[in-house]
Amino acid sequence: MRDTLLIALYAFAGAAATGLAGAGALRLLRRRSLTVSLAVVAGVGVVAMLAGTLIVAWAMFLSPHDLTVVTTVVAMAAVVSLATALLLGRWVVARSRELAAAARSFGDGGNFAAPGGPATAELAAVSRELAATSARLAESRERERALETSRRELVAWISHDLRTPLAGLRAMSEALEDGVAADPNRYLRQMRTEVERLNGMVGDLFELSRIHAGALALTPTRISLYDLVGDALAGVDPLAREYGVRLVGGRIEQVPVEVDGKEMSRVLGNLLVNAIRRTPADGTVAIAAERSPEGVVLSVTDGCGGIPEEDLPRVFDTGWRGTHARTPPAGAGLGLAIVRGIVEAHQGRTGVRNIPGGCRFEVVLPAATS
């Protein structure tokens, strides 16, 4: 028993010394190729075994012949181990280089395609993560392109919309200045109308810029939908009378919601104004508010005749108008984009779908916590 313990101690001492040396070598070579590290690991294992064997042989006073046999066996094992380590290292390095080349392709704007052939579990996991990242980057690039296109269209449309009233204001002011206006009071009333239109357009642009910048500060309070809808209907009643449109608000549940009253009033106002302007005379615009499994649903139904199916996904995009006209009441195409921005800031969502004779806009808001 004592001899066995001594042999174990001698072997451990030799192997420990070799392991410490190998750890130092790995630290010095940690920035080198994986092939070198694997060769060091294989070499440490073989040398540790050889060192332990030599120390034990010296302590046991083995004959030179026996020591030669042991050394030869260990040397052959060392050759095989090093060769195996080098082959494994070269294979892993080759797979890593293929993966790096594939990753470089989607970094330059392409899509990631995992290299073919077998790979270690770790490299396969990296490939899956890179593929998922590539998909997210592709979606991000697509959103960025769509946003840039939307911005260019918005700049073009707003430039046109600003030039039109400004040109009218300039012509009317020159007519008043030259004294050639047949009815100065009518000119003044028209100028006031154009100024109010410009003021509304600038206000919409400012609101939209705050939404896009994430600077829309909300002050949520507990409000009854019944009161919120009632105020919105009262605000658009004069416009509905002007257009000859009936307003219906029969299905309004007294459901509490936690929203910013001012911003949500703007949402309802934009939806109602849009519905009134798109509904022909003697038509009906209905607003409803009710509970649902998803939360609270506010809906505005109009009689516009429906929206082409290909345009439905773009209804809430910035600058969308649903018409090629650039004159009132087409507007600047900002109202529904503002609606979506405000609703999403409240952790809600917007939607639209066609119904017989018109379309139905929906706003889904989280229900107030009890």
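**Exercise 1. What span should the 19 residues of helix H6 (residues 225-243) have at 1.5 Å a residue, and how far apart are its end C-alpha atoms?**

Before the solution, two remarks on the model are in place. The model is a predicted one, in which local features need pLDDT of at least 70 and side-chain atom pairs count only at pLDDT 80 or more, while totals for chains, interfaces and linings use all residues. Residues are numbered from 1 along each chain as its sequence is written, and side-chain values use heavy atoms, with hydrogens and water left out.

Solution. Step one is to fix the terms: helices (H or I, at least four residues) and strands (E, at least two) are DSSP runs, numbered from the N terminus, and the expected span of a helix is 1.5 Å times one less than its number of residues. Step two applies this rule to the 19 residues of H6, for which the expected span is 27 Å. Step three turns to the model, where the end C-alpha atoms of H6 are 26 Å apart, in agreement with the expected value.

**Exercise 2. Describe the bend in H6, its buried residues and what they pack against.**

Solution. Begin with the axis: H6 has a kink of about 45° at Asp237, shortly before the proline Pro238, where the bend at a residue is the angle between axes fitted to the seven residues ending there and the seven starting there. Next come the residues that count as buried (under 20% relative accessible area, with exposed being over 50% and partly exposed in between, for a 1.4 Å probe and protein chains only). In H6 these are Leu225, Leu228, Val229, Ala232, Leu233, Val236, Leu239 and Ala240. Then look for contacts, meaning heavy atoms within 4.5 Å: the buried residues of H6 pack against strand S1 (221-224), strand S2 (246-248), strand S3 (256-259), H7, strand S4 (284-292) and strand S5 (295-301). Finally, just after H6, Gly244 takes a positive phi of about 70°.

**Exercise 3. How are the salt bridge partners Arg170 and Glu174 placed in helix H4 (residues 121-178), and how are Arg192 and Glu196 placed in helix H5 (residues 184-212)?**

Solution. A salt bridge is a side-chain nitrogen of Lys or Arg within 4 Å of a carboxyl oxygen of Asp or Glu, and a search of the whole structure finds nine salt bridges. In one of them Arg170 pairs with Glu174, with the closest N and O atoms 3.3 Å apart. These two residues are four residues apart in H4, so about one helical turn separates them. An α-helix has 3.6 residues a turn, so residues three or four places apart point the same way. As for cover, Arg170 is exposed at 58% relative accessibility, whereas Glu174 is partly exposed at 37%.

In H5, Arg192 forms a salt bridge with Glu196, the closest N and O atoms again being listed at 3.3 Å, and the two residues are likewise four residues apart, or about one helical turn. Arg192 is exposed, with a relative accessible area of 57%, and Glu196 is partly exposed, with 46%.

**Exercise 4. Which helices hold Arg266 and Glu207, and how many residues apart in sequence are the parts that this pair ties together?**

Solution. The side chains of Arg266 and Glu207 meet in a salt bridge at 3.6 Å, N to O. Arg266 lies in helix H7 (residues 261-278) and Glu207 in helix H5, so the pair ties together parts that are 59 residues apart in sequence. Arg266 is partly exposed, with a relative accessible area of 26%, while Glu207 is buried at 3%.

**Exercise 5. Where do Asp282 and Gln347 lie in the chain, and are they buried or exposed?**

Solution. Take Asp282 to begin with: its phi is near 70°, a positive value in a residue other than glycine, and Asp282 is placed in the loop between H7 and S4. At a relative accessible area of 60%, Asp282 is exposed. Gln347 has a phi near 65°, which is also positive in a residue other than glycine, and Gln347 sits in the loop between H8 and S6. With a relative accessible area of 66%, Gln347 is exposed.
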